[in-house]
Amino acid sequence: MEKPLTQHIKNDNTWLSLKDYEKTGGYQALRKALKLNPEDVTKEVKESGLKGRGGAGFSTGMKWGFVPLGEDVPTPKYFVVNGDEMEPGSFKDRLLLEGNPHQLLEGMIIGAYAIQAQFAYVFLRWAYHQAARAITRAIEEAYEAGYLGKNIAGSDFQLDASLHVSVGRYMCGEETGLLNALEGKRANPRSKPPFPGVSGLFGKPTVVNNVETLCNVPHIIANGAGWFKSLSKTDEGGTKIYGASGRVKKPGLWELPLGVSLREILQEHAGGMQDDFQFKGVLPGGGSTDFLTGDHMDVTMDYAGVGKAGSRLGTGTLIVLDDKTCPVGMVLNLERFFAQESCGWCTPCREGLPWTAKTLEAIENGKGEMKDLDILNFQTRYMSPGNTYCALAPGAMEPLQSALKYFKEDFEKHIHEHKCPWKKE
Amino acid sequence: MAKIIIDNKEYESDESKNLLEACLSLGLDLPYFCWHPELDSIGACRQCAVIKYKDEDDTKGKLVMACLEPVTDKVRISLEVDEAKQFRADNIEALMINHPHDCPVCDEGGECHLQDMTVMSGHNYRRYRFKKRTHTNQYLGPFINHEMNRCIQCYRCVRFYKDYAGGKDLDVFGAHDDIYFGRHEPGTLENEFSGNLVEICPTGVFTDKTLKKHYTRKWDLTNAPSVCHNCGLGCNIIASERYGGIRRILSRYNGDVNGYFLCDRGRFGYEYVNSKKRIQFPFKKQNNSLVQIEKKQAIQEIRKVAEGKKLIGIGSPKASLESNFLLRQWVGAKNFYAGIPETEGKLIQKVIEIVKSGKVNVPSLNEVKSYDAVFILGEDVTNTAPMLALNLRQAVRNTPKEQAAGLNIPVWNDAAVREVVQGNTGPFYIAAAQATKLDEVATQTYRAHPDDVARLGQAVAHAINPELPETDCSKEAGKLAESIAGALLDAKKPLIVAGTSLYSRAIIEAAANIAFALKEKEKDAGLFYVAPEVNSVGLFLISDKFLDQAFENVNQNDDAVLIVLENDLYRRTDKNSVDNFLQDYNDIIVLAYLENATTQHATYVLPAGTFAEADGTVINNEGRAQRFYQVHVPENDVESSWKWLQEIMPVGTAESTIHFENIVYNLVKTFPDLEGIQSVAPPADYRKGTQKIPREPHRYTGRTAMHTNINVSEPKPPEDTDSALSFTMEGYSGIPTAAITPFYWSPGWNSAQAINKYQIEVGGELHGGNSGVRLFDKKNSNIGYFKNITKTFSPQKGEWYALPLYHIFGSDELSAQSPAVNERLPKPYIALNNSDAWEAGVKEGDLLGIVLQGETLKLPVKLNTGLTKGTIGLPKGLKETVGTRFPFWITFKKIKDE
């Protein structure tokens, strides 16, 4: 089983230096890409079927293709790495950032070449200190080795890059919120259209890609789109770093072919549930995805498969709910987070999420009323996709709406018993 | 035009609009908060949700925000389907969860957009059962009251204040459901347009603090369509009264003048009308003091005093055309003097000559926003014509905005357009005698003595048309002139701005030359002159004699009677000259609003009506004639000056009994150029059906109870025979023609945003056309270039050239006497540039002694890097500097610390 993304990551909490990375074939893909037309680089990535690994699952090649090329286009253009991993339960980008920063930089430089960008930024979550050190050092090394700056690897291509450490808001992970934050503005999202490919950072054409997404790029260029497609179990291409947290025996991260079953991840890689704990449900792709239950164990963990089951692949990091944890409490915890992280721009999210959290809090504390369930159901409709300015609130509604569906009795029990059944007296 | 289908009905709409604008323009009620016709769309509030269908077969559709969807041909939407209606009601419910529901004690109550939209959406029952979030309010200065708990986070305040008006001290703080709009710390809002927050805010967060001091509900106000009298732009206002006092000023939309907005001087500078210093009754000088007398007595005595005497009349740029004209008719043209010194009057005449020639387009104030390159010569517009500064701030974005158009971003998509534009401005050049506030958006600035500002202008004109005389300026100035000329020639619509404020004829001429030269190059050039006062242009259209000439014509036989109309001569020129002049007359009749230095010398003082108590016509800087109407009939003797003049004229004089409209008719007969003023507003006998237009809204309350403490029988309401307006609530309840629209109110639309219903298209022209008549549009006389080139300024040793520095709050006589504005007045100072100060051994705050009008003044030094070497600046029009005739040479002495 091939593990292109993680095969070289060491287990000793150190990262691959430039030298080590080059020994693994690092930067050969960049050299190869620089000999191609930018359009052909994009074409290769498009053909590989690579989809955004940050959660939305949009075709990476298509995104690059939106950026205008040629003489008469707005400049400078920007290429931005979204390293603001703040999705609850997600820690997959951290592994790549801390373990193999050059793999990311190489993907970023190839991407920048494909759209003919002049500047690249790595936008990093504030809490990722180790990653900040790794990226800072890697950028220095890349400059020294001529992979950044003028005449990259002997070509005419020029790119400057720097690290931007965020001050820390969930909204910075949304690509347009990220761009506003990078401009020094409030991290409010932007309305689309125009898309960043047309008007992005400082109003110039920009691509924003997730860390894991970009780490795939050097391998696609080096080995070809066909190779990449062959990696997955389904037709979506590539591997995916899956993760699991919660009361499983071996929580962690595993690079697996895209499209393995939920059962395989949980049973084989996460080692199954801890003794004395029963599986109750799982958020398959981070905090803003719908619950799946025991009935969904055979769902293939790719974009289409999870979608068909009524949830989203999201970041591919599972949050497992067990029978000894209160589902209302778990959803409350998530909704408090989302309410806190709302930027306050649009009405449904700004007002609806705190209302949701307060309602859940009342239920959890034994002060719920049956009509609160109507309110919660109302919120899931009110904040459904399209009704809000960005995807934050609709995402926040996913665990709630599925919890109301699968764990309805637990909600009702809280209300009838005027307490949380999981709480000890 | 596109065909659009709304709820299965077909309509036509403009493809450059979004669906919200389209719906509102079609008269449909679609609620909104964050959108504003002048601020455009951002999609934050989610209130204007509609269902949009993919095609004819689509039955489900998709919820979209109308403000973010372009009008496209055959687009099909529904406002009425349950899903859309329910979402809009739900959205109101959500944004009201933290609202205090304090309407009964809220100043916005009864004219609140949030109330209107809540009712419109159908939401009424509140399900939220938790604690509300609360905020601390801030002190924001004398103009604006802050009550953050009412906020629904529509972001319109910061979008207006920061993005539109260039303000720096209001922002959004916090996140999630704890969003706060305010200053970084309590303090006065510094921006000159802060008052618009009152109308921009859809609820009661930002309210008018001056109204709060004498609060009245909208429905209990008597209103009149009026024109701001606080500068020469003639912005349209709604003035409102109750119980004999003016309570507030709102912007009266005029798509040709001020659009939606007003400056703070215009909005808050009205309270002098209610001042204790108002002359409310006739006064007579007895034993050297003024004693109140009966109106009848005053009329009889004045008639007697004036009988058979030579009469000298002094007019005023603050008085209406009609009052000035009637005085002129009475005293005779040769005895009528514009109450303005020659230094200023000649400049106004020059401006009129150029504007009247029709050689280049003189844009309206609102049209200024459409220009894509600007060159300002001399004028500090933020302080001399504030609303012009606001519109120029929009104009400077036009060239950078083209980039957004190139990316197919619709003009109404404000956030996206601003993202592309970033902070880019230009081309925008400012040449001035000092640093000005607009410098922050300028491409390049040039600071010089007025003569050298003019020389730069002449150099620019020469660069455009080499046949014009060359100016030998510095290399730097020459290069600048070339680049300004280049930018103006590259533009589609270049605009030249100048004015009279620096007392420089050369500047006015240079500006004209540039505009003329651009026009010869077939540019759609505009020329905008700032005039000093509300009727400066009108006054000099009917008079050609200056105050100085009145002073020269000594009253030899001591028998002439002097009549001074709405003019404090001590503000016009130095005290000695006025003292000498007034000493010459035994009989001085002064028509005045407020006690002032001139009324002290009067033998009779008559209470003249301000804009609040008078009818009249004024002409603004572009030659636009506009009518203002009296708001109420005061219980004292205050009335229009032209009425007073009619009353004190000899009985039997033709003019003494004629109707207002006949004064206008006679005026036009004497001055055929002014023909247009007859069609400025509907005549007095105009009726909608059989009805007059009421000044009071239909929900006016308590009329029968207003005087019951005095008399239980209801007095007959006063009648207005001068106009088509009535003083009561009875009359036509629909939408009147713009010139006589006293307030905005429409079923379901109780707030100022009812204006949507008064416009043919939202943000566009009013029904019946925007009001006002441009008098000179048809003229096309051939006026030549001005060939004189001024000499360059040379600084003198030990002497400084004193320039007037203008202040939006302080330089204007009347607004400065309004308590709220008075709090914003600058302290007197003497401004020096740093190197002059260094050479003179003085620093910021040191006291300097100067002699002004024979009196020694001690003024603290204010360093002003923008002043040119050899010049000093003194604040124009403050109590300490009033009457100073700029410009002049001055010396100063450092006053030793005791």
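**Exercise 1. Find the bridge partner of A:V80 in β2(A), then place the two strands in their sheet.**

Step 1. In this predicted model, A:V80 has A:Y121 as its bridge partner in β2(A).

Step 2. Zoom out to the strands. β1 of chain A covers residues 78–83 and β2 of chain A covers residues 119–124; six bridges join them, and the sense is parallel.

Step 3. Now add the neighbours. The sheet is open and has four strands, ordered β3-β2-β1-β4 in chain A, with parallel pairing. At the edges sit β3 (160–165) and β4 (206–210) of chain A, each paired on one side only. From one strand to the next, the twist averages 20°.

If you want the background: strands of a sheet pair through backbone hydrogen bonds, in either a parallel or an antiparallel way.

**Exercise 2. Work out which strands of chain A helices α7 and α9 lie across, and at what angles they run.**

Step 1. Start with α7 of chain A, residues 129–144. This helix lies across β1, β2 and β3 of chain A, and runs at about 165° to β3(A).

Step 2. Go on to α9 of chain A, residues 211–223. Here the strands are β1 and β4 of chain A, and the angle to β4(A) is about 95°.

Step 3. Put the two together: β1 of chain A turns up in the list for α7 and again in the list for α9.

**Exercise 3. Describe the overall build of chain A, and check its radius of gyration against that of a compact globule.**

Step 1. Count the elements: chain A has 17 helices and eight strands.

Step 2. Look at the extent. Along the principal axes, the C-alpha trace of chain A spans about 70 × 45 × 35 Å.

Step 3. Do the check. A compact globule of 425 residues would come out near 22 Å, and chain A has 22 Å, so the two agree.

Step 4. Split the chain. The assignment for chain A gives domain 1 (18–231), domain 2 (239–322) and domain 3 (327–417). Taken over C-alpha atoms, the centres of domain 1 and domain 2 of chain A are 27 Å apart.

Step 5. See how those two domains meet: domain 1 of chain A puts in 13 residues and domain 2 of chain A puts in 18. The residues on the domain 1 side are four nonpolar, five polar and four charged.

**Exercise 4. Say how many residues each chain brings to the contact between chains A and B, and which helices of chain A take part.**

Step 1. Chain A brings 27 residues and chain B brings 28.

Step 2. On the chain A side, α13 (327–341), α14 (347–364) and α15 (370–382) each supply at least two residues. The largest share, eight residues, is from α14(A).

Step 3. Sort the chain A side by class: 13 nonpolar, 10 polar and four charged residues.

**Exercise 5. Lay out the domains of chain B, and look at how domain 1 meets domain 3.**

Step 1. The assignment for chain B lists domain 1 (2–95), domain 2 (283–343 + 538–722), domain 3 (355–532) and domain 4 (800–894). Note that domain 2 of chain B is written as two segments.

Step 2. The C-alpha centres of domains 1 and 3 of chain B are 39 Å apart. Nine residues of domain 1 and six residues of domain 3 make up their contact. The domain 1 side has three nonpolar, three polar and three charged residues.

Step 3. One annotation to finish: the unreviewed UniProt entry marks residues 221–277 of chain B as "domain: 4Fe-4S Mo/W bis-MGD-type". In the model, that span is 9% helix and 35% strand, and its end C-alpha atoms lie 24 Å apart.

Note on methods
Residues numbered from 1 in each chain as written. Chains lettered and ligands numbered in written order. Predicted model: local features only at pLDDT ≥ 70, side-chain atom pairs only at ≥ 80, totals over all residues. UniProt positions renumbered as here; feature names shortened; annotations may be inferred. Contact = placed C-beta atoms within 7 Å. Nonpolar A, V, L, I, M, F, W, Y, C, P; charged D, E, K, R; others polar. Pairing = 2+ DSSP bridges. Axes fitted to C-alpha atoms, helices over the stretch in contact; angles between N-to-C directions. Domains from an automatic or database assignment. Rg over C-alpha atoms; globule rule 2.2 N^0.38 Å.
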